[in-house]
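Good morning, and thank you for the time. I would like to take the group through one structure, beginning with its empty spaces and ending with its backbone.

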Amino acid sequence: MIKPFIQITVLTTNTVTMSAPLSDKQIQHLYWRAGFGISSAELKTVRNLDKKQIVDRLFLASMQSTALSMDFGALLKKQKDLSREERKQVRQLRNQKMSELNALWFQKLIETNQTLREKITLFFHDHFSVRLRTPRACLHLNNIIRRHALGNFGDMLMEVSKSPAMLLFLNNRQNKKDHPNENFAREVMELFTLGRDNGYTETDIKEAARAFTGWNFNKEGTFVFRQQHHDYGIKTILGNTGNLTGEDVINILLKEKQTARYIVQKIYAYFVNEIIDHKHIEQLTGVFYDSNYNLETLFKAIFNSDWFYDSKNIGIKIKSPTELIVGLSKPFKVKYQDPKVLLYLQKKLNQMLFFPPNVAGWPGGKSWIDNSTLMLRLKLASVTLNSGVIEWHEKGDMPENMMIRRQFYKKIKSQVEKKVKASPNWDIFLSTLEQKEASELISFLLQPKLSATAKKMVSQLDVKDTKNFVIEVLSLPEYQLC
């Protein structure tokens, strides 16, 4: 545990507001941002609780951290003891294990009750972006983030910085006193703490790289400090001078309030709104910094605030591919006959877990939707929940958009439909569904309000055919938002 360097203060009512009742739409908003949506049964359970009780319920469910685990088998063998053919087999096994790791975490996202912890893990999976084909290192890093997801950001940062995954990906194993490598030092300031061009110089990066020399890990994947590779000279970093170590650099960065501000801004953009409210950012920065970077304190301040539930923050965020797939799979308890289909969908929708595009992570927002992903996004509900089929019940004149979509769904089964062999549990979903009227169903299934075109389309549907009605509503562009 990193020692507190600042006084912990009591939160004021200016930041965390008094408890208040929430509407169904506001509860759904909380559960989408803190997780992947809410079931009708859960909504019925929490509806009569006040805001603080609902928030506390989310945190209580995620109090424990359950690590992912895998058997790596032959990957644990020493490379020097293997023949050429065996090394080839190990490379193939390594790729196979990366796929298994991906499917393992995705299945956990769908099935877990520790939803808030997994959602925060997903956020920091992007923040501490690593792209490797080394399953042991990737699993280890993922579990570090999960363990600290509702704990101390400083502890997470320190342990992530010393993880084999980060030391490999940002080349710190090659960072030695005679040949310093600046990759990690640069990214820890630019991407992980202060943010690009926020209060550091190229000299600070060079000096920090010297401080991180000697950081390495052994064959067991345990962090080691190789003294013979460390630069013991005097260094000056952000105005601090001395024989500074890598740990000193991390603590210096945490002392900078800009680090708290940068993390808060990223969390706000992800969990609240990409349009930053600077007043809220400054309030939350104070809360986060004064709590010595306690993530639980920060998230409770956000979820217990009144402004989090403002209409301007509801139904405006484009779901990431992970949020979209998990959000569809979770309430229907979807089982995928072939776990590889999850890899296929992630690849087609441009977000494969454990394979971000670069060290900056996925750009998110509007970048999730383009000509190559939009059709699959709109078709995902029918593909996942009804084998790619929508039963059409004509009722009066159909708008042109619906006619086009009808023709589309009547085409020969696509490559996607052949691959996605999913088994949703409609019985559970329908038996727990409270809402029966069209307006109630739509309000439950969608966060944003319907466009005029969407209203016209759903008016043609038979709400008594609940299954088909649900699939059609989940195929609307509005379902892409949360």
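I shall speak about pockets, then cavities, then helices, and lastly two loop residues.

Please keep in mind throughout that this is a predicted model.

Let me begin with the pockets. The largest pocket has a volume of about 860 Å³. Its lining consists of 40 residues, and Gly-37, Ile-38, Ser-39, Lys-330 and Pro-331 are the closest to the centre. Several helices give two or more residues to this lining, among them H1 (24-33), H2 (40-46), H3 (51-61), H4 (84-111) and H5 (115-127). Further along the chain, H15 (321-329), H20 (426-432) and H21 (438-445) also do so. In chemical terms, the lining of the largest pocket divides into 20 nonpolar, 14 polar and 6 charged residues.

The second largest pocket has a volume of about 700 Å³. Here 20 residues form the lining, and those nearest the centre are Leu-75, Arg-136, Phe-217, Asn-218 and Lys-219. Helix H6 (135-148) and helix H8 (164-169) each supply at least two lining residues, and H6 provides the largest share, with 4. The composition of this second lining is 7 nonpolar, 5 polar and 8 charged residues.

I turn now to enclosed space. Rolling a probe the size of a water molecule over the atoms shows where empty space is left. How many cavities of 30 Å³ or more does a search of the whole structure find? The search finds 3. The largest cavity holds about 70 Å³ of space. Its lining is made up of His-125, Phe-128, Ser-129, Val-130, Cys-138, Leu-141, Asn-142, Ile-145, Phe-354 and Pro-356. Helix H6 appears once more, since the largest share of this lining, 4 residues, comes from H6. The lining of the largest cavity divides into 7 nonpolar and 3 polar residues, with no charged residue.

Next, the packing of two helices. Two packed helices are described by the angle between their axes and the distance between the axes. Helix H9 (residues 183-193) and helix H12 (residues 257-271) pack at an angle of about 55°, and their axes are 9 Å apart. That angle makes H9 oblique to H12. On the H9 side, the contact involves Glu-190, Leu-191, Phe-192 and Thr-193, which meet Gln-258, Thr-259, Tyr-262 and Ile-263 of H12. The residues of this contact divide into 4 nonpolar, 3 polar and 1 charged.

One further helix deserves a remark. Helix H23 (residues 466-474) is mostly covered, with 7 of its 9 residues buried. The buried residues are Asn-468, Phe-469, Val-470, Ile-471, Glu-472, Val-473 and Leu-474.

Finally, the backbone. Most residues other than glycine have a negative phi, and most peptide bonds are trans. Tyr-293 has a positive phi, near 65°, and is a residue other than glycine. Tyr-293 is placed in the loop between helix H13 (278-290) and helix H14 (295-303). Is Tyr-293 buried or exposed? Its relative accessibility is 1%, so Tyr-293 counts as buried.

Lys-333 is not a glycine either, yet has a positive phi of about 50°. Lys-333 lies in the loop between H15 and strand E5 (335-336). With 48% relative accessibility, Lys-333 counts as partly exposed, because that class lies between the cut-offs of 20% and 50%.

Thank you for your attention.

Notes:
Residues are numbered from 1 along each chain as its sequence is written. This is a predicted model: local features need pLDDT of at least 70, side-chain atom pairs count only at pLDDT 80 or more; totals for chains, interfaces and linings use all residues. Side-chain values use heavy atoms; hydrogens and water are left out. On a 1 Å grid over the protein atoms alone, a cavity is a set of points where a 1.4 Å probe fits but cannot get out, and a pocket is an open set with protein on both sides within 12 Å along at least five of seven lines; lining residues have an atom within 4 Å of a point. Grid points are joined across faces, edges and corners, and a volume is the space filled by probe spheres set on the points. Ala, Val, Leu, Ile, Met, Phe, Trp, Tyr, Cys and Pro count as nonpolar, Asp, Glu, Lys and Arg as charged, and the others, Gly among them, as polar. Axes are lines fitted to C-alpha atoms, for helices over the stretch in contact, and angles run from 0 to 180 degrees between N-to-C directions. Angles under 35 degrees count as roughly parallel, over 145 as roughly antiparallel, 65 to 115 as roughly perpendicular and the rest as oblique. Contact means heavy atoms within 4.5 Å. Buried means under 20% relative accessible area, exposed over 50%, partly exposed in between (1.4 Å probe, protein chains only).
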